[in-house]
Amino acid sequence: MAVPVIELSDVSRRYDGGPPALDGVSLTVHAGESVAVLGPSGSGKSTLLNLVAGLDRPSSGTVTVDSTRVDQLGEAGAARYRRARIGMVFQFFNLLDDLTVADNVMVPAQVAGMGRAAAARRAAELLGALGVARHADAYPGRLSGGERQRVAVARALMNRPPLLLADEPTGALDTGSGEEVRKLLNDLHADGQTIVLVTHDLVLAQTCATRTIQLVDGKIASDTGAAQ
Ligand SMILES: Nc1ncnc2c1ncn2[C@@H]1O[C@H](COP(=O)(O)OP(=O)(O)OP(=O)(O)O)[C@@H](O)[C@H]1O
Ligand SMILES: [Mg+2]
C-alpha cells in the first residue's frame, strides 16, 4: 500500500488584512509521487511549500510529514526536521558565493554533523551524478544558471531527504538550462524520489510530474491525483 509522506488536513494560512493565502486545503502525497503545484501568482503555491517545509505555520489545520506534526514544531525542532527530511531547491539557487561548489553541497551534511571526509565523498558522488563534477572547485559565480541549479539540487539531496521540495526550479533559467533541470528532476523521480514542485513551467509539470494540482485563491481548484 502507498505510504503517505505529506498529509494536509483543512489547512488555512491567513495574514492580517487580506484574503487567506491558503483556504481549507486538504491533500495527501504518497511516497514516490512527483507532484506539480500550478496556479496564478498569489494563489498560495509558495505558502503551501513553506508550510510543508516547516518554514511557516498554518493559522488552522494540521500538516503531517512522515508522521511528524510539522505545524506543532518549534523553531529548533523545525530546523532539525528540515535537516533530516527535506531537501529544498529555490528559483534563485541560494548558493553561497564565497564557497566553492563542493563546499556549498557539503553545507547541509556539516550542519547535520557528518564528518568532513564522508561529506566530501558524498558531494563528489552527487556532483558526478548530476554532471557538474568538473566544477567542484569553482565558485558558483562562474557557472551557468543550469549548472548552478544542478549544484543546488545536489545540495538539496546531500542528506538523502525523503522529500524534495522545489519552488520554481526553472523560473530563472533559459530554455537549455531549464531542459537540464527538467531531465534531472525526471531522473530523480524515476529513482523513486518523492517530489513536490511549484512551477509556472507547464513543460516541467508535464514531463516531471505524475500529478498536477491547481491552486486558485488559496484553494485546490483541480487535482489529477484526487481519486488515488
Ligand atoms: N509574509 C506575508 N505577509 C502578508 N501576505 C503574504 C505574505 N506571504 C504571502 N502573502 C500573500 O499570500 C498570498 C499567496 O502568496 P504566495 O507567495 O503563496 O503566492 P504564489 O502562488 O507563490 O505566487 P507566485 O507565483 O507569484 O510566487 C499572496 O496574496 C501574498 O501576497
Ligand atoms: Mg511563489
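A helix, as the word is used in these legends, is a DSSP run of at least four residues in the state H or I, and helices are numbered from the N terminus.

**View 1. The whole chain of the predicted model.** The protein chain holds 7 helices and 10 strands. Its radius of gyration is 17 Å, close to the 17 Å that the globule rule gives for 228 residues, so the chain is as compact as a globular protein of that length. Along the principal axes, the C-alpha atoms fill a box of roughly 45 × 40 × 40 Å, and 44% of the 228 residues are buried.

**View 2. The largest nonpolar core and Leu165.** This core has 64 residues, and those with the most contacts inside it are Val52, Val105 and Leu165. Helix α5 (residues 145–157) supplies the largest share of the core, 6 residues. Leaving aside residues up to four places away in sequence, Leu165 touches Leu49, Val52, Ala53, Ile86, Met88 and Val196.

**View 3. Helix α4 (residues 116–129) and its two sides.** At 1.5 Å a residue, the 14 residues of α4 should span 20 Å, which agrees with the 20 Å between its end C-alpha atoms. The buried residues of this helix are Ala119, Ala123, Leu126 and Leu127; they cover an arc of only 95 degrees around the axis, and therefore lie on the same side of α4. These buried residues pack against α3 (101–111) and α5, whereas Ala117, Ala118, Arg121 and Glu125, on the other side of α4, are exposed.

**View 4. The residue glycine 131, after α4.** Glycine 131 follows α4 and has a positive phi, near 75 degrees.

Technical notes. Residues numbered from 1 in each chain as written. Chains lettered and ligands numbered in written order. Predicted model: local features only at pLDDT ≥ 70, side-chain atom pairs only at ≥ 80, totals over all residues. Rg over C-alpha atoms; globule rule 2.2 N^0.38 Å. Buried ≥ 20, exposed ≤ 12 C-beta atoms within 10 Å, placed from the backbone. Core = buried A, V, L, I, M, F, W, Y, C linked by C-beta atoms within 7 Å. Contact = placed C-beta atoms within 7 Å. Expected span 1.5 Å × (residues − 1). Arc of directions from axis to C-beta.
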